[in-house]
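Here is a walk through one protein model, taken a piece at a time. Keep the viewer open and follow along.

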Amino acid sequence: MTDKPQVIFFDAAGTLFEVRGSVGEVYSRIASQYGCEADAEHLQQNFARWFRLQPPMAFPAGTDEDKLREMEKGWWRNLVRAVFADCGSFPHFEEFFDDVFEQFRQPELWRVFDDVVPTLTELKRQGFRLGVISNFDSRLDDVLRGCELAQFFDSVHISTRIGAAKPDPLPFDAALAHHRIEASQAWHVGDSPREDVEGAQAAGLRGILLNRQTAADNSPAVISNLNQLLTLLNSTEGNVQ
């Protein structure tokens, strides 16, 4: 038996919020403003393929923030170039990329899942400390503020600043060290079985999989919406490692 967690960490994209529509739709819409007509579904397929092939979004810890932003933007530029590589001539690619990179900083491009704010509000009311551990870049700070989520979190740890991406244990270790707790005192909730659940478990945390596409089952390790996290925390199963 273990006590309830002192800190609950959450993944960001896919767990707290998602892109409105799809990345392919956003790319297609903005690219058309720069003279490139590309099918949204084709761009989405390319994005999914090339995203998986990219190196981890992680850079040396302690990198100066200005340099870090350059490196983050370079990582994304390489990816987006690959996404458009088979779409024909794109003479204004650099202008397009600068625009789309900044637009993904804005809350208008993201949709917060309906269960997020009520659940986070209740967790804070119950006295839990909350944090984010995400394979994201520094734009996450702006996204969380713009989506009015920043006030819920006591810490935000992103892979680009830490120097490693989930499922590597380093992001989890950094978050634990920040809160001065042991791994057994923390849970991590996310939508990726590998990055969020296996990664958390390897670091000694309890990993909870958020799978919004399936109906709820009786597993204490899988929830289909964040509201079930409250039930899990207050149930007998919620005290089982």
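Contact, as used here, means heavy atoms within 4.5 Å. A few ground rules come with that: this is a predicted model, where local features need pLDDT of at least 70, side-chain atom pairs count only at pLDDT 80 or more, and totals for chains, interfaces and linings use all residues. Residues are numbered from 1 along each chain as its sequence is written, and side-chain values use heavy atoms, with hydrogens and water left out.

How confident is the predictor? pLDDT is its confidence in each residue, on a scale from 0 to 100. The chain has a mean pLDDT of 93, with 94% of its residues at 70 or more. Over residues 236-241 the pLDDT is below 50, and that stretch has 17 contacts in the model beyond near neighbours in sequence.

Let's start with Ala-40, which sits in helix α2. Helices (H or I, at least four residues) and strands (E, at least two) are DSSP runs, numbered from the N terminus. Leaving aside residues up to four places away in sequence, Ala-40 touches Gly-24, Glu-25 and Ser-28. Its C-alpha is 8.4 Å from that of Ser-22, and the two residues are 18 apart in sequence.

Now take α2 as a whole. The expected span of a helix is 1.5 Å times one less than its number of residues. For the 14 residues of α2 (residues 40-53) that should give 20 Å, and the end C-alpha atoms are 20 Å apart, which agrees. At the N-terminal end Asp-39 acts as a cap, with a side-chain oxygen 3.2 Å from the backbone nitrogen of Glu-41.

Which residues of α2 are buried? Buried means under 20% relative accessible area, exposed over 50%, and partly exposed in between (1.4 Å probe, protein chains only). The buried ones in α2 are Leu-43, Asn-46 and Phe-47. They cover an arc of only 105° around the axis, which puts them on the same side of α2; the arc is that of the directions from the helix axis to the C-beta atoms. An α-helix has 3.6 residues a turn, so residues three or four places apart point the same way. Glu-41 and Arg-52, on the other side of α2, are exposed. The cover over the buried residues includes α1 (23-32) and α3 (65-84).

Helix α8 (residues 169-179) can be read in a similar way. Its buried residues are Pro-171, Phe-172, Ala-175, Leu-176 and His-179. Looking down the axis of α8, they fall within an arc of 135°, so they line one face of the helix. They pack against β1, β4 (129-134), β5 (155-158), α7 (159-162), β6 and α9 (193-202). Asp-168 caps the N-terminal end of α8, placing a side-chain oxygen 2.8 Å from the backbone nitrogen of Leu-170. Just after the helix, Arg-180 takes a positive phi of about 55°.

On to the sheet. Two strands pair if DSSP finds at least two bridges between them. Six strands form an open sheet in the order β5-β4-β1-β6-β7-β8, with parallel pairing. At the edges stand β5 and β8 (222-223), each with a single partner strand, so one side of each is left without a neighbour in the sheet.

Zoom in on β7 (residues 206-210): 5 of its 5 residues are buried, so the strand is largely enclosed by the rest of the structure. Arg-206, Ile-208 and Leu-210 point one way, Gly-207 and Leu-209 the other way. In a regular strand the side chains alternate between the two faces of the sheet. Strand β6 (residues 186-190) runs parallel to β7, joined by 4 bridges. Val-189 stands opposite Ile-208, and Gly-190 has Leu-209 as its bridge partner.

Two of those β6 residues, Val-189 and Gly-190, are among the contacts of Asp-11, as are His-188 and Asp-191. Asp-11 lies in the loop between β1 (7-10) and β2 (17-19). With 7% relative accessibility, Asp-11 counts as buried. What does its side chain make polar contacts with? A polar contact is a pair of N or O atoms within 3.5 Å; within protein, one must be able to donate a hydrogen and the other to accept it, and residues adjacent in sequence count only if both atoms are side-chain atoms. For Asp-11 the partners include the side chains of Thr-15, at 3.0 Å, and Lys-166, at 3.0 Å.

Technical notes
pLDDT = per-residue confidence, 0-100.
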